Amino acid sequence: MTALSKRSRRLAAVPLGMALATAVVVVPGATASAAEVTARAAADATQLSYVVNVRPGHGPSAKVKKAITEAGGTIVTSYDRIGVIVVHSANADFAPAIRRVRGVESAGATRTAPLPAQSTTDVGTPKVLTAEEIAAADAAQGQDPLESLQWDLPAIKADKAHEVSLGSPDVTVAVIDTGVDDTHPDIAPNFDRKASVNCVSGKPDTTDGAWRPGPTESPHGTHVAGEIAAAKNGVGVTGVAPGVKVSGIKVSTTAGFFYTEAVVCGFMWAAEHGVDVTNNSYYTDPWYFNCKNDPDQKALVEAITRASRYAEKKGTVNVAAAGNENYDLAADEITDPTSPNDTTPADRVIDPSKCLDIPTQLPGVVTVAATGAKGVKSSFSNHGLGVIDIAAPGGDSTRLQTPAPPATSGLILGPLPGGRWGYMAGTSMASPHVAGVAALIKSTHPYAPAPLVKALLYAQADATSCTDPYDLDGDGKADAVCEGPKNYNGFYGFGTADALDAVTK
């Protein structure tokens, strides 16, 4: 069984891009002192990425462009409709300098060092299904071979929904994540190549296959994509909405960073390519919580807020995972020991109403908590009255929440790259269930704008009472406190997502 833990971390290593940047090329006839070569290498090694926010609707003015150049910056791309410019600079004083320029509303570094991190909202590592386990799965008539192991589908009535509708191929859900293996037999039939892209640099890369994870990269995005739209095709598992399209928008680096410029690119790509729903099972590095009283972090919040709002205005419903620390996001204060996660994190006490987990806590984003096989909040899931909008299966320790047979694991089964399947758990796995239900609603109501799809999502959710006391391990001590009435509380928001209502109402 997958060991449950806090968000996984990776050992620090020098990324390939940094290794290339610091390599010294010897050109015949060139003359440069050792000091000059060292200085250039040091400048390259410390080059960071920034977002510069200006007035939306126009490109950067000539004055702002000139100021960026004079401050040692190079414009990578500009999202003129939302007024966000992506800049690279090796000048440590770039952000303070550019903030003083007339026309610049905010600016900040998107990272504190070019080192690897991991910030997807899953817990532990995938447990790959063995050939013996695949062979032993006993599918009922009309089910895909592994569907009997998916306790999460009946938990939201998706199995009943599929008798009515599998969803429309005119609806696309974009997985903004670590990349999607579109060659997987459960994903290939429903994959939308035109809506897929690599946004890691902050600028769209449409090279064929650029949206796929590399062989050493996380399987996270592929698992998420399968939970949403694995085809009902007699192979493997079944998605919540197995008739809709799914696309991959890759935003994480090889090392696992989800940087602001990439996330902005992801939302903008979705907005401009007819995506109906985005799934966001991550937080934006390097800050778990972005405090608006810090000028750098304020700029990051502003940039992603603009991008996510733009996507919603274009008709996209944005769904995000709540996180896995069992935090009360409505508390007066939280101790964040993980930020910045690309240098040396240190404990800091933050007010979650002023320091935001992005995109999870942004206005308009559907925030999803996780439940286990018993329908109770997962032991790790963040919560908070007024923050959590809805709940869905994300799995939990099989010991704490054991599923009914024939399912054997309390985790969530889904595709893994390379034609495999495996179990994962986290609010990362809860969010795609809600994204799938939203896709079914959009399929049923094809002309519904994003706000109406969200309203139906909440209205159709099954009201779920607070779990009180919340003591999963039975040690006599409450592990979290739920506030609010049955129809809207801090554990389940408006309730548990309902796929059957999504296709019948």
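In the predicted model, Asn 326 is placed in the loop between β11 (317-321) and β12 (334-336). The phi angle of Asn 326 is near 55°, a positive value in a residue other than glycine. With a relative accessible area of 21%, Asn 326 is classed as partly exposed, since the buried class is confined to values under 20%. A positive phi, of about 65°, is also found at Lys 157, although this residue is not a glycine. Lys 157 is located in the loop between α6 (152-155) and α7 (158-161), and its relative accessibility of 28% makes it partly exposed.

Two cis peptide bonds were identified in loops. One of them joins Asp 285 and Pro 286, with omega at about 0°; Pro 286 belongs to the loop between β9 and β10 (290-291). A further cis peptide bond joins Ile 358 and Pro 359, with omega at about 10°. Pro 359 is situated in the loop between β14 (355-356) and β15 (366-371).

At the level of the whole chain, 13 helices and 18 strands are assigned. Of the 505 residues in the chain, 58% are buried. Among contacts in the chain with a separation of 6 or more, 76% involve residues 24 or more positions apart.

One such pairing of sequence-distant segments is found at Ala 299, which lies in helix α10. Ala 299 and Gly 108 are 191 residues apart in sequence, yet their C-alpha atoms are 5.3 Å apart in space. When residues up to four places away in sequence are not counted, Ala 299 touches Val 51, Asn 53, Ser 106, Ala 107 and Gly 108. The relative accessible area of Ala 299 is 0%, and the residue is therefore buried.

Helix α10 (residues 295-313) also packs against helix α9 (residues 260-272), at an angle of about 10° and with the axes 8 Å apart. The two helices are therefore roughly parallel, and α9 passes α10 in a left-handed crossing. On the α9 side, the contact is made by Thr 260, Val 263, Val 264, Phe 267, Met 268, Ala 271 and Glu 272. The residues contributed by α10 are Leu 300, Ala 303, Ile 304, Ala 307, Ser 308, Tyr 310 and Ala 311. By class, the contact of α9 with α10 comprises 11 nonpolar, 2 polar and 1 charged residues.

The UniProt record, an unreviewed entry, places the feature "active site" at Asp 177, His 220 and Ser 428. These positions are spread over 252 residues of sequence but cluster in space, the largest C-alpha distance being 10.2 Å. Asp 177 lies in strand β6 (residues 172-177) and is buried, with a relative accessible area of 0%. Ser 428 is part of helix α11 (residues 427-444) and likewise counts as buried, at 0% relative accessibility.

His 220 is among the buried residues of α8. In this helix (residues 220-229), 10 of the 10 residues are buried, so α8 is largely enclosed by the rest of the structure. Elements covering the buried residues of α8 include β6, β8 (245-250), β9 (277-280), β17 (412-416), β18 (420-425) and α11.

Helix α11 also packs against α12, with an angle of about 115° and an axis separation of 10 Å. This arrangement is therefore roughly perpendicular, and α11 passes α12 in a right-handed crossing. The contact is formed by Val 434, Val 437, Ala 438, Ile 441 and Lys 442 of α11 together with Val 453, Leu 456, Leu 457 and Gln 460 of α12. The contact of α11 with α12 divides into 7 nonpolar, 1 polar and 1 charged residues.

Two residues of that contact, Val 437 and Gln 460, are also touched by Asp 498. Asp 498 occupies the loop between α12 (450-460) and α13 (499-504). Its other contacts, not counting residues up to four places away in sequence, are with Ile 156, Lys 157 and Asp 462. At 2% relative accessibility, Asp 498 counts as buried, whereas Lys 157, which it touches, is partly exposed.

Definitions and conventions: Residues numbered from 1 in each chain as written. Predicted model: local features only at pLDDT ≥ 70, side-chain atom pairs only at ≥ 80, totals over all residues. Heavy atoms only, no water. Axes fitted to C-alpha atoms, helices over the stretch in contact; angles between N-to-C directions. Helix = DSSP H or I, 4+ residues; strand = E, 2+ residues; numbered from the N terminus. Parallel < 35°, antiparallel > 145°, perpendicular 65-115°, else oblique. Left-handed = near helix turned anticlockwise from the far one by under 90°. Contact = heavy atoms within 4.5 Å. Nonpolar A, V, L, I, M, F, W, Y, C, P; charged D, E, K, R; others polar. UniProt positions renumbered as here; feature names shortened; annotations may be inferred. Buried < 20%, exposed > 50% of the residue type's maximum accessible area, 1.4 Å probe, protein only.
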